[in-house]
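Me: I should like to go through the reasoning behind several labels assigned to this structure. Please set each value against its criterion.

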Amino acid sequence: MPHILIVEDETIIRSALRRLLERNQYQVSEAGSVQEAQERFSIATFDLIVSDLRLPGAPGTELIKLGQGTPVLIMTSYASLRSAVDSMKMGAVDYIAKPFDHDEMLQAVARILRDRQNAPAAAPASAEPRANGKPGAADKGSNNAANGEIGIIGSCPPMQDMYSKIRKVAPTDSNVLIQGESGTGKELVARALHNLSRRAKAPMISVNCAAIPETLIESELFGHEKGAFTGASAGRAGLVEAADGGTLFLDEIGELPLEAQARLLRVLQEGEIRRVGSVQSQKVDVRLIAATHRDLKNLAKAGQFREDLYYRLHVIALKLPALRERGSDVNEIANAFLARQSARIGRDDLHFSHEAEQAIRHYSWPGNVRELENAVERAVILSESPEISAELLGIDIELSDLDDDDLLNNLPTISGVSANNASHEPTEDLSLEDYFQHFVLEHQDHMTETELARKLGVSRKCLWERRQRLGIPRRKSNATSDN
């Protein structure tokens, strides 16, 4: 059981955080100041230190030196966010802004402990030689161990290709664009690129471009001078400046306003920033990693994203596969989530039923890994018996729901089109999605959603998800007749 030290002078916050961590199977000790922590504990023996930045006496950053390598997670109010970033430059492993929600704290703690556990095994795993230059049985069995340095679960071919690219790209300073649907783990890839780079000891600053109001985003990213706008009572450094020497991760970069895009382009072209309201520029050394679930090339053609910025970002493009494209990885990931959630509530008897495993494997998971994690967490909390059923997971998949191969075999028959029927266009080059789209467009004018789903051999929810994925809108008349 990991042992965590909380250093926080506000008793209410300290007690609430202690209860949260203890409920999730962590051993917790606490102190109200750095001095009290020194007097009561051997600080270097803890697995993690969670400390407020501003404490009576010495600041929380003093624990970085006293911990002798123990990771320190700094808590800070939003107003002193720049100070927290400075603490990362001093060696803090990460920061979290107050007020934080429980999930945010638990995810940060779990990630830091996982990274600490994996770090010692990374070098020997990646240095293990291969017999005759080819992966043998031993290599295959150690794939997950070797991927510990990357921190992502899964061994399907698309992910193995991804791991290979991460290892090649990480040591460079090239800009990287990570593409993939929401919930596929784009930030995990960004962290792996940072952790395996020469910048690993410098901060990685993560910014969700969709979460910052458009009126504030330029000031947040590039900083501002005193008096630059109403309320700017003092000059402040921006997050790009805070990432100097390290990595800047811009998530959902497709949501960045055009004005901010122009400023970001200057960072990439000239390696310098200019604060809002300033006439002087200053140099920065920042590696940019961006992520998006949107098609930036099409956005650029539509004038919604700068084309020159797109090509600057698109030096290296990494495409994360959706969970439904990862084969048996989905079950491996589900079992990892099950083990983690079981440990949190102190149970070791939980397992998936055979039907649940089948449902996990064949469900399309439109929310990807994030949806899967939430489904497993909910099932673990609600489970009253050791066996977790598909129903408990909340997966709306019927026995008639077919996997892709089954659906591909059935679609030509149920649509009245035979692959060998000479009266129609050749279909041997059509994919499952082509068949699905052809069938829905051909029959949706005279069939309800229920009838379409029944003919396709899927549930209505599965039909809706495939419509969303393929961009096939429902007919108004069809929607009306089905309600």
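Me: Which residues does Asp52 touch, not counting residues up to four places away in sequence?

Reply: In this predicted model, Asp52 touches Val7, Glu8, Asp9, Gly60, Met75, Thr76 and Lys98. Asp52 itself lies in strand 3 (residues 48-52). An unreviewed UniProt entry places the feature "modified residue: 4-aspartylphosphate" at Asp52.

Me: Why does Asp52 count as buried?

Reply: Buried means under 20% relative accessible area. Asp52 has 8% relative accessibility, so Asp52 counts as buried.

Me: What makes the pair of Phe41 and Phe46 edge-to-face?

Reply: The count comes to three aromatic pairs. For Phe41 and Phe46, the ring centres are 5.6 Å apart, and a pair requires centres within 6.5 Å. Their planes stand at 85 degrees, and over 60 counts as edge-to-face, so the label follows. Both Phe41 and Phe46 are buried.

Me: How do you know that Tyr310 and Tyr311 form an edge-to-face pair?

Reply: The distance is 5.1 Å centre to centre, which lies within 6.5 Å, and the angle of 65 degrees between the planes is over 60. Tyr310 is buried, because its relative accessible area of 7% is under 20%.

Me: Why are strand 7 and strand 12 called edge strands?

Reply: The open sheet of five strands has the order 7-8-11-6-12, with parallel pairing. Strand 7 (204-208) and strand 12 (316-319) each pair on one side only.

Me: What makes strand 8 and strand 11 a pair?

Reply: Pairing requires at least two bridges, and four bridges join strand 8 (residues 247-251) to strand 11 (residues 287-292), so the two strands pair. The bridge partner of Phe249 in strand 11 is Ile289.

Methods: Residues numbered from 1 in each chain as written. Predicted model: local features only at pLDDT ≥ 70, side-chain atom pairs only at ≥ 80, totals over all residues. Heavy atoms only, no water. UniProt positions renumbered as here; feature names shortened; annotations may be inferred. Buried < 20%, exposed > 50% of the residue type's maximum accessible area, 1.4 Å probe, protein only. Contact = heavy atoms within 4.5 Å. Phe/Tyr/Trp six-rings, centres within 6.5 Å; stacked < 30°, edge-to-face > 60°.
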